[in-house]
Amino acid sequence: MITRDQISTVLDHPVYDTDGNKIGEAKHVFFDDVTGEPEWVSVSTGMFGTSESFVPIHDGTMVEDHLEVPFAKDKVKDAPNVDVDAGGHLSEEEEHRLYEHYGIDWDAAWQQADQHQAGGWARTDTASQRGTAARGAPAGDDAMTRSEEEMHVGVERRATGRARLRKYVVTEEVQKTVPVRHEEVRVEREPITDANRDAAMSGTDITEAEHEVILHEERPVVETEAVPVERVRLGTEERTDEETVRGEVRKERIEADLPDETDQGDR
């Protein structure tokens with residue numbers, strides 16, 4: 001149960017459901033005119049906190065730095081929209097709709113209020129004033145609170161595309177010119193001299209003979225070898241652009257109806 005002393009720790013702090021899902025931020029606390037105890041808290045929900053939903057605070061608890069309420073996140077976000085009047089009160093019809101949405105027995109709530117009244121709490125007889133007191137102010141305060149909506153713009157990160165590296169094999173023709181050698185036969189004749197006479201006269205005088213020479217040539221031989229040539233990776237870099245966001249915010253205005261000078265002179 002949240003008490004009046006805990007209000008400062010509730011306002012502007014996160015609100016979670018019992019499953020640990022964040023619902024939003026607590027913006028305003030509303031008190032019961034009869035019991036004087038906190039009864040409702042308005043929670044900013046939606047993208048950038050642009051919506052406000054009402055959730056009962058009676059059974060809420062403070063857990064470390066956040067408020068935990070016994071209602072699911074979707075239940076709170078689907079709560080009926082209500083319009084708080086200039087006095088900062090919920091009408092009986094609006095409060096009744098909220099009670100029905102959260103499954104709270106309206107008659108039992110009234111009986112509980114009657115018990116508080118018997119214990120010494122002041123209560124008015126006007127049913128429409130049984131709602132909540134001014135936002136963040138004690139019951140019975142005769143001052144109005146003027147509020148304004150503020151537009152908070154944030155950014156969300158989302159995926160816009162996907163890039164990948166894929167390696168595949170292609171075949172190319174490579175042409176290279178290399179020198180190749182080969183042997184050719186040529187007939188060499190040398191005259192008989194004193195230096196080769198003995199070798200020339202060593203054989204028989206007249207005979208038949210053969211002598212052969214093996215010829216050689218070079219041919220190109222092709223071999224391939226895989227060698228690393230570079231490393232490729234994907235990298236990202238951030239660029240900052242500016243976008244203009246437009247929205248509408250509501251502001252409360254307070255006007256005073258004052259007696260004119262003529263009326264004051266007559267009086």
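**A six-strand sheet and a charged pocket**

Let's start inside the sheet: His 28 stands opposite Ser 42 in strand S3. That pair belongs to the antiparallel match between S2 and S3, which runs over 6 bridges. Keep in mind that you're looking at a predicted model, with an average pLDDT of 79 for the protein.

**The sheet as a whole**

- Six strands make up an open sheet, and going across it you meet them in the order S4-S3-S2-S1-S6-S5.
- The pairing in this sheet is mixed.
- At the edges sit S4 (51-56) and S5 (61-63), each of which pairs on one side only.
- On average, neighbouring strands here are turned by 40° against each other, if you ignore direction.
- Helix H3 (residues 92-101) packs on the sheet, where it touches S3 and S4.
- The direction of H3 makes about 80° with that of S3.
- Here's a handy rule for looking at any regular strand: its side chains alternate between the two faces of the sheet.

**Strand by strand**

- S1 (residues 14-16) and S2 (residues 22-31) pair in the antiparallel sense, with 3 bridges between them.
- Within that pairing, Tyr 16 has Lys 22 of S2 standing opposite.
- S1 and S2 form a hairpin, and 5 residues lie between the two strands.
- Look for Gly 20 in that turn: its phi is positive, at about 85°.
- S2 also forms a hairpin with S3 (residues 38-45), this time with 6 residues between the strands.
- In this second hairpin, Gly 36 has the positive phi, near 75°.
- S3 goes on to pair with S4, again in the antiparallel sense and over 6 bridges.
- Val 41 has Val 55 in S4 as its bridge partner.

**The second largest pocket**

- This pocket holds about 510 Å³ of space.
- Part of its lining comes from residues such as Val 155, Glu 156, Arg 157, Arg 158, Ala 159, Thr 160 and Gly 161.
- Other lining residues include Thr 236, Glu 237, Glu 238, Arg 239 and Glu 243.
- Sorted by class, the lining has 7 charged, 3 polar and 2 nonpolar residues.

**How confident is the prediction?**

- A pLDDT of at least 70 is reached by 79% of the residues.
- Residues 117-140 are a stretch to treat with care, since pLDDT stays under 50 there.
- The model has 62 contacts beyond four places in sequence for residues 117-140.

Note on methods: Residues numbered from 1 in each chain as written. Heavy atoms only, no water. Pairing = 2+ DSSP bridges. Helix = DSSP H or I, 4+ residues; strand = E, 2+ residues; numbered from the N terminus. pLDDT = per-residue confidence, 0-100. Contact = heavy atoms within 4.5 Å. 1 Å grid on protein atoms, 1.4 Å probe; cavity = no way out; pocket = protein on both sides within 12 Å on 5 of 7 lines; lining within 4 Å. Points joined across faces, edges and corners; volume = space filled by probe spheres on them. Nonpolar A, V, L, I, M, F, W, Y, C, P; charged D, E, K, R; others polar. Axes fitted to C-alpha atoms, helices over the stretch in contact; angles between N-to-C directions.
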